[in-house]
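Trainee: Could we go through this structure together? I should like to begin with the helices and then change topic.

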Amino acid sequence: MSRKKLKDKASINLLNSIKKEAIETVWDRYEAQQPQCGFGLLGICCRMCNMGPCRIDPFGTGPQKGACGATADTIATRDMTRQTAAGTASHSDHARDLGHTFIALGNGTAQGYSIRDPYKLRLIANEYGIKTEGKKDAELALELGEKVLKEFGKQDDEPLTFIKRAPKKQQELWKTLNIYPRGIDREVVETLARTHEGMDQDYKNLIQTTMRVALADGWGGSMIATELSDILFGSPKPIRAKANLGVLKEDEVNIIIHGHEPTLSDVIVTTSQDKELLELAKQKGAKGITVAGICCTANEILVRRGIPVAGTFLQQELAIMTGAVEAIVVDIQCISPGIVNTASNFHTRVITTSAKASLPNTELIEFSEDKALNTAKEIIKIAIENYQNRKKEHVNIPEESMELVAGFTAENIFYHLGGRFRGSYRPLNENIANGRIRGVAGVVGCDNPRMGSGSYHIELVKELIKNDVLVVQTGCAALTCAKEGLLTPEAAIGMAGDGLKEVCKTVGIPPALHLGACVDNSRILIACTEMVKEGGIGNSLDELPVAGAAIEWMSEKAMAIGWYFVASGAFVLFGTPMRVAGSQAVFDYITKDIENIVGGKWAFEEDPIKAAHIMIDHIDKKRKALKLAPIMYAKDRTETVNVGP
Ligand code: XCC
Ligand code: SF4
């Protein structure tokens, strides 16, 4: 059933041919879970203490309180709050590791790293109050690394460095509402404490905590990860590459890198070009070494180095099923345990590299900065040696791979919109104000068999660009749309509305811009802030004609992202609700009332076309409030959905 909505040809063909060999996939396991627990879906099951587990009867005939007296409001919210903290923790722990890499680099103990964007190093060091004059890169890296790490354990109420970038109105609001985040770790710890049995039971108070811990992600952990990665691995520039399983090569050693951290994958990419290793590959009968990415690791090395993308989250098992992958090297996050079983049916070696993310029955080759090059070499050698174990009869690489352009950032977008000599957000703002572009929408997040297995992203983006909405993307949503050809300048010609098409044609950009990995949603915050600064389309984030969606969201990280956008004043749409629908009060609060408090709010809609029009209606509502010009080439929208005043 769930596979019916999967539209990716490469995946469908591969799955159809593999079915005979009876190897289970995420779709099979998802089906086996049906029907899923209604209490779980509604968020009204609590396991917080050992008087429980308790559940609330959704029909009102059974118990309406847990043993301790907790209601559906408390139970549903408390879980969502904790999940959001887990999301913040994931992005922020990733950022912390980058801080350590900076320190190692500064101390001269990091192997294989250098500062690829020394200009940005100085910019960010300045922002952190570090004197940069006359200092060498390494010296600055050390100082910056130390300062950044302090942001995590900070005990005073001094604001996080990057949150000072936010528009004045948002900062004032966050202070008044007491959701201005303090130390990043402190917010995560306090959230865990507040959600312990017998602590915060008031859902409004819990939602306040949710927003504070999420803001510590968006303007804290995630933004730090983005900025440090740019400094270390180079700020992205528009770059052409290819995506989908067809990037794997029949006559080469194929190495998949999967997860989230660029620290290892970047060194693997470099090392894969090592003469000695290429020679070894030849000796083993391979023509070369191909490195391809999955999930956000793919995004990190795609936007900076143009490394091909093998696939999205849902394609991790499929990549192995091509029978042509010598090693799948994983670091952290979104690593499905299912890959171990898949790999056991082929010659593929599963190599874990972080003790924080280990998988049973796999080998751990632990990665650390001081021996990064050696580790990368060791891993690539294992893959090369494994090439001879590949079984010809197993090899089944789909043909599909698609051209794409990636590598846009908050800093470089305006070069493209304004041309090299008019570098500012003025052209973007002007084109929004004059109605050529309706607004901007972020379409981000995971692909999920519960929804369209990726296809919802595609339908959503097509509908948005058709209605002159410029789309920005990150995560697996970006990779999904890349596979469909939506991240090419040509896509604007066939698919975009007349206004958006004009802009894309003039500047030569795709109608959907790839902004990077999931931590790089922070780039969207910065871009929106720049739009406010430029003026004319809103004086604070909540006034901008923008909207965001993670229609196929899956991970807790997506919840943290969604919440930091809502708290920052944005309208955020998920395909299916977070697990709070068992409380009408909470559901109404986050989809309606909260807009009067922070300016942003949630919407839940699974149908991608309806979802697009809910977003468009929100954008139009903002345009109306700003008295912007009518849409220049307006078409009648038959799908209009009313989302209130
Ligand atoms: Fe994971 Fe970032 Fe989701 Fe993709 S989009 S499935 S979180 S890899 Ni972040
Ligand atoms: Fe039940 Fe309350 Fe314990 Fe939750 S905290 S399991 S509702 S008794």
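Mentor: What follows covers a helix pair, a metal site and one methionine. This is a predicted model, in which local features need pLDDT of at least 70, side-chain atom pairs count only at pLDDT 80 or more, and totals for chains, interfaces and linings use all residues. Residues are numbered from 1 along each chain as its sequence is written, chains are lettered from A and ligands numbered from 1 in written order, and side-chain values use heavy atoms, without hydrogens and water.

Trainee: At what angle do the axes of α6 and α8 cross?

Mentor: Roughly 20°, and the axes of α6 (residues 137–153) and α8 (residues 184–194) come within 3 Å. The two helices are therefore roughly parallel (angles under 35 degrees).

Trainee: Which residues make the contact?

Mentor: E151, F152 and G153 of α6 meet I184, D185 and R186 of α8, contact meaning heavy atoms within 4.5 Å. By class, 2 are nonpolar, 1 is polar and 3 are charged, with Gly counted as polar.

Trainee: Turning to the nickel atom of ligand 1, what is its protein donor?

Mentor: C518 is the only one, through SG at 1.8 Å; donors are N, O and S atoms within 2.8 Å of the metal (3.2 Å for Na, K and Ca). C518 sits in the loop between β13 (512–514) and α22 (521–534).

Trainee: And M559: buried or exposed?

Mentor: M559 counts as buried because its relative accessibility is 0% (buried is under 20%, exposed over 50%, with a 1.4 Å probe and protein chains only). M559 belongs to helix α23 (residues 556–567).

Trainee: What is M559 in contact with?

Mentor: Leaving aside neighbours within four places in sequence, M559 touches M80, Q83, T84, W553, F574, M578 and W602.

Technical notes: Axes are lines fitted to C-alpha atoms, for helices over the stretch in contact, and angles run from 0 to 180 degrees between N-to-C directions. Helices (H or I, at least four residues) and strands (E, at least two) are DSSP runs, numbered from the N terminus. Angles under 35 degrees count as roughly parallel, over 145 as roughly antiparallel, 65 to 115 as roughly perpendicular and the rest as oblique.
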